[in-house]
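Here's a quick briefing to read with the model open beside you. It begins with one loop, then steps back to the chain as a whole.

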Amino acid sequence: MATKTSGLTPRAYAQLRDEIVQGLLQQGEPLYEIHLAERLGMSRTPIREAMKLLTREGYLEELPSRGYAVPRRSLDDLREFFELREVLEASATRYAALRATAAEIAELERLCNRYEREKDHEKWVQIGHDFHNVLIRAAKNSRLQTMLDSLNAQIVLSRRTVAKADPVRRQAAVRDHREIFEAVKARDEVRAQALAAEHVRRSYETTLRAHAPAAFANQKAA
C-alpha cells in the first residue's frame, strides 16, 4: 500500500501543479483534500502529501479552516520574485557563457531567429521561455536550475493578467535576446550577466505596469 500511495503522490502533485499554472484553480479559492480526492479518483493521503509539497514550494498556502488556496500575489511578492530572478538568472547566463556547448549555442541562435520572426503572440512567448530554459540548462548547475524553475513558475502565476507586449516592448525583448545570445556566443560572461540582469528588470517593469500602472507611475516619480 505504501508503494501505491507514494506512486500516486507525484501524479497528484503534477496534476494540481499544472492546474495552478494554467489558471484552472483560481487565486483565493479554497481547496479541500476530500473534494480533490474525489475529483482525481484517489485517496486523501497522496492528495495531502502533494498539497504539502505545493505549499512548501509556494504554489499553495494553508488556510485556517484546514484547507488550502492558491495565494493572491501582492506587489511586494512581485518585487521579491523579480529581485531574486535578476540575481539567479544573471548568474546562470554568466555560467552559460562559460559552459554552453556548441549544440546549445546553435539552439540559442535558432530560437533567437524564430523569436524575431514569430507573429503569433502565444508562440512568441513560448519561444522566449524556451530561450531562457536553454540558457539556464547551459549553466550546468542543477541546483540553480531547480531554483529558477520553481521561481519562474511563481512568476508565470503572477503574470496571467499581463497584456500582450506592444511593438516597442516586443522589439526591446527581441533585442535583449539577440544581445544576450551574442555575448554567450562570444564567451563574454561579464557582458552576458549584465545584459541578463537588465532584461529581467525590463520584464519586471512590464509586469508592474500591467498589474498597477498608477503604482508604477508613483514609483517612477519618486
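Let's start with Arg187, which sits in the loop linking helix H8 (167-185) to helix H9 (189-211). Keep in mind that this is a predicted model. Arg187 isn't a glycine, yet its phi is positive, at about 60 degrees.

**Two loop residues with positive phi**
- How buried or exposed is Arg187? Its relative accessibility is 35%, and because the partly exposed class runs between 20% and 50%, Arg187 lands in that class.
- Lys140 is another non-glycine residue with a positive phi, again about 60 degrees.
- You'll find Lys140 in the loop between helix H6 (121-138) and helix H7 (142-158).
- Lys140 has a relative accessible area of 42%, so it counts as partly exposed.

**Fold layout**
- The protein chain has 10 helices and 3 strands.
- Reading from the N terminus, the order goes α-β-α-α-β-β-α-α-α-α-α-α-α.
- In that order, a helix comes ahead of the opening strand, and two helices sit between that strand and the β-β pair.
- After the β-β pair, the rest of the run is helical.

**Burial, contacts and surface**
- The protein chain has 222 residues, and 41% of them count as buried.
- Take the contacts between residues at least 6 apart in sequence: 74% of these connect residues at least 24 apart.
- The exposed area of the protein chain comes to about 12200 Å², with 51% of it supplied by carbon and sulfur atoms.

Note on methods: Residues numbered from 1 in each chain as written. Predicted model: local features only at pLDDT ≥ 70, side-chain atom pairs only at ≥ 80, totals over all residues. Heavy atoms only, no water. Helix = DSSP H or I, 4+ residues; strand = E, 2+ residues; numbered from the N terminus. Buried < 20%, exposed > 50% of the residue type's maximum accessible area, 1.4 Å probe, protein only. Contact = heavy atoms within 4.5 Å. Areas by Shrake-Rupley, 256 points an atom, 1.4 Å probe, with all protein chains shown as cover.
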